[in-house]
Amino acid sequence: MTNEVFKIALISLGCDKNTVDSEEMLGILDQKGYQLTELPEDANAVIVNTCCFIGDALEESIQTVLSVAELKKTTGVKYLIVAGCMSERFKDEAMKELPEVDAFVGTTAFSAIAQVVERLINGEKEIRVYEDVNRITEENPRYRAPGQPHVGYLKIAEGCDKKCTYCAIPSFRGAYRSIPMNRLVKTAEELVQSGVRELILVAQETTVYGKDLYGEKKLAELLRRLSGIEELRWIRLLYCYPEEIDDVLIEAIRTLPKVLHYIDMPLQHTEDHVLQRMGRRLTKKKLFELVDRLRSEIPDIALRTTLITGFPGETEEEHRALMETLDQLEFDRLGVFPYSREEGTVAATFPEQIPEEVKRRYRDEIMELQQEISMDKNETMIGRTLEVIVEGYLPDEEVYVARSYRDAPEVDGFVFFPSERELITGDILPVVITEAAEYDLNAEPV
């Protein structure tokens, strides 16, 4: 069987950093002449790029692997390859626990994906390919699925040096390693040439980019370099640790026209005692100072955060104090995850583990409060003109689906509007907001 008729499908799970790795694996396979398909049941080999950040993500990864294993019994799927975080984290147990899998590939070994496929075709079994988790991977081509050609993720660093007590990521993603700036700019230019209008910067933490390579934080300089790419319209920042957001970065966001007035900064909690037990360096006082500074310097900034509920030892009083703080700070966007007790982490050994039903109740109460805050925030947008980027069209409702600068893909809301002029995905145009709901907005084109 030639490469041209050997079909490969890839299922990418988890975060957008995984998405980048998946696009690189597909790029390598495409360059080698393999035929790529989005339908696992049509493939000869299926790669599952796994996630195991929290228990739910691990469960999804396992169930996906098992569902693909079932395809081996009823379709033309011959080989099942498991890559990414679950493969790395459980590499000692994986082959024994998942005998249905033909090959395992670690988080820094995906550049070898084509060789893995070739080895399987040549009859090898039980293949395991791992590299040092602290290495920087090679520069690889990217293959981007046709669904979202206008949005591209730029992973600016690997790993993490933070010592958060709840998080296992450094154990299977390694220490923090910035990717050299010239390489990032080159990759961004290639993404823009392929049709990307919105570039989203991601890493386990974006704010300390460059410190390991250049001796000081260089995120602001990277933003300036990326802003020089002519066809690029929007640059969005995710995963900014609040304690690392400084005046230099704020000034770059404020003054560079292509950098959206949007920051995602995961807090996990707001109360000092909980933050200390989490191993976080933020304090409530510094948080209020930072939010005040951001909103005074950039009045229209949209702030997103994520929280963990039910961390070991979190009391009802601390939960109520968190709710009061959120009511005062009024984040524009917010996500909540019940605490996941992760094997090998410090927090897993803590006494006073919280019952699941309490974690979920805490989460639900926060989301109910956030729904009210989000509604109030959205109502203030009525009458404003916003630039939006088109995501698609709903023929039944005869409206286009778009996002404003306030909306990151996958996690935030949408802007819906009609248009007599035919638009295509990736078009950027101004609209006037006419109606508000809890998370979405309705608009009319200008």
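What span should the 13 residues of helix 7 cover at 1.5 Å a residue? The expected value is 18 Å; the views below start there. This is a predicted model, in which local features need pLDDT of at least 70, side-chain atom pairs count only at pLDDT 80 or more, and totals for chains, interfaces and linings use all residues. Residues are numbered from 1 along each chain as its sequence is written, and side-chain values use heavy atoms, with hydrogens and water left out.

**View 1. Helix 7 (residues 181–193) and its packing partners.** The end C-alpha atoms are 18 Å apart, which agrees with the expected span (1.5 Å times one less than the number of residues). Helices are DSSP runs of H or I with at least four residues, strands are runs of E with at least two, and both are numbered from the N terminus. Buried residues of helix 7 include Met 181, Arg 183, Leu 184 and Val 185 (buried: under 20% relative accessible area; exposed: over 50%; partly exposed: in between; 1.4 Å probe, protein chains only). The buried residues pack against strand 7 (151–155), strand 10 (198–202), helix 8 (211–214) and helix 9 (219–227) (contact: heavy atoms within 4.5 Å). Just after helix 7, Gly 195 takes a positive phi of about 115°.

**View 2. An edge-to-face pair, Phe 311 and Tyr 339.** Rings of Phe, Tyr and Trp (its six-membered ring) pair if their centres lie within 6.5 Å; planes under 30 degrees apart are stacked, over 60 edge-to-face, the rest tilted. The count comes to eight aromatic pairs. Phe 311 and Tyr 339 lie 5.4 Å centre to centre, with 75° between the planes. The two residues are 28 residues apart and link distant parts of the chain. Both Phe 311 and Tyr 339 are buried. They form one aromatic cluster with Tyr 166 and Phe 350.

**View 3. A tilted pair, Tyr 393 and Tyr 400.** The centres are 4.7 Å apart, and the planes meet at 55°. Tyr 393 counts as partly exposed because its relative accessibility is 40%. Tyr 400 is buried, at 7%.

**View 4. An open sheet of six strands.** The order is 2-1-3-4-5-6, and the pairing is parallel (strands pair if DSSP finds at least two bridges between them). Strand 2 (35–36) and strand 6 (127–129) stand at the edges; each has a single partner strand, so one side of each lacks a neighbour in the sheet. Six bridges join strand 3 (residues 45–50) to strand 4 (residues 79–84). Thr 50 has Gly 84 as its bridge partner in strand 4.
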